[in-house]
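Welcome, and thanks for opening your viewer. Let's take a short walk from selection to selection.

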Amino acid sequence: MENEKMKKILVVDDNEEILEVIELILRLEGYQVSGLMDASYFNQRISEFKPDLILLDVMLGALDGRNLCNLLKADRLTLHIPVIMISASHNLNDIQGIICHPNDFIAKPFDIGNLINKVGAQLAA
């Protein structure tokens, strides 16, 4: 029964256009999507929305998404949620250098097929 429910994805990106594009793509793929432009309500949104996956931008204005990733992976209530980091200015080695261990990484600008495949793979894992 669990697999029949619509999977929920939280997208956190401070670029409104990118956020809207990712939300649209994922909704067209049949996912329930919630978007955040900053991390102010990050924990609240996670506890209310209960995402199955989080797409998290590295640079969130004054915040660093890698720190949020570390907090998620250190909390027993959220460590099970796969995190895919997204960045235009960093690569996977930069991200792992801050001891953040995302489940996957997508570089911007991203290929739509690649985004869909990576999201699907994490949700199937």
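Which helix gives the most to the lining of the largest pocket? Keep that in mind as you look around, and remember that this model is predicted.

Start by selecting α2, residues 42-49, together with α3, residues 65-74: each of these supplies at least two residues of the lining of the largest pocket. The answer to the opening question is α2, which contributes four residues.

Now turn to the space itself. The largest pocket holds about 290 Å³. Its lining is made up of 15 residues, and those closest to the centre are Ile46, Leu72, Asp75, Leu77 and Thr78, so select these five to place yourself in the middle. If you colour the lining by residue character, you will find nine nonpolar residues, four polar ones and two charged ones.

Next, select Lys8 and Phe49. Here Lys8 sits over the face of Phe49, 5.3 Å from the ring centre. Should you go looking for aromatic pairs as well, the structure has zero.

For the last stop, select Ile18, a residue of helix α1, which covers residues 16-28. Is Ile18 buried or partly exposed? Its relative accessibility is 21%, and because buried means under 20%, Ile18 counts as partly exposed. Leaving aside residues up to four places away in sequence, show its contacts: Ile18 touches Asp13, Lys108 and Phe110. Finally, draw a distance from Ile18 to Pro109: the two are 91 residues apart along the chain, and their C-alpha atoms are separated by 9.3 Å.

Definitions and conventions. Residues are numbered from 1 along each chain as its sequence is written. This is a predicted model: local features need pLDDT of at least 70, side-chain atom pairs count only at pLDDT 80 or more; totals for chains, interfaces and linings use all residues. Side-chain values use heavy atoms; hydrogens and water are left out. Rings of Phe, Tyr and Trp (its six-membered ring) pair if their centres lie within 6.5 Å; planes under 30 degrees apart count as stacked, over 60 as edge-to-face and the rest as tilted. A charge sits over a ring if NZ of Lys or CZ of Arg is within 6 Å of the ring centre and within 35 degrees of the ring normal. Buried means under 20% relative accessible area, exposed over 50%, partly exposed in between (1.4 Å probe, protein chains only). Contact means heavy atoms within 4.5 Å. On a 1 Å grid over the protein atoms alone, a cavity is a set of points where a 1.4 Å probe fits but cannot get out, and a pocket is an open set with protein on both sides within 12 Å along at least five of seven lines; lining residues have an atom within 4 Å of a point. Grid points are joined across faces, edges and corners, and a volume is the space filled by probe spheres set on the points. Ala, Val, Leu, Ile, Met, Phe, Trp, Tyr, Cys and Pro count as nonpolar, Asp, Glu, Lys and Arg as charged, and the others, Gly among them, as polar.
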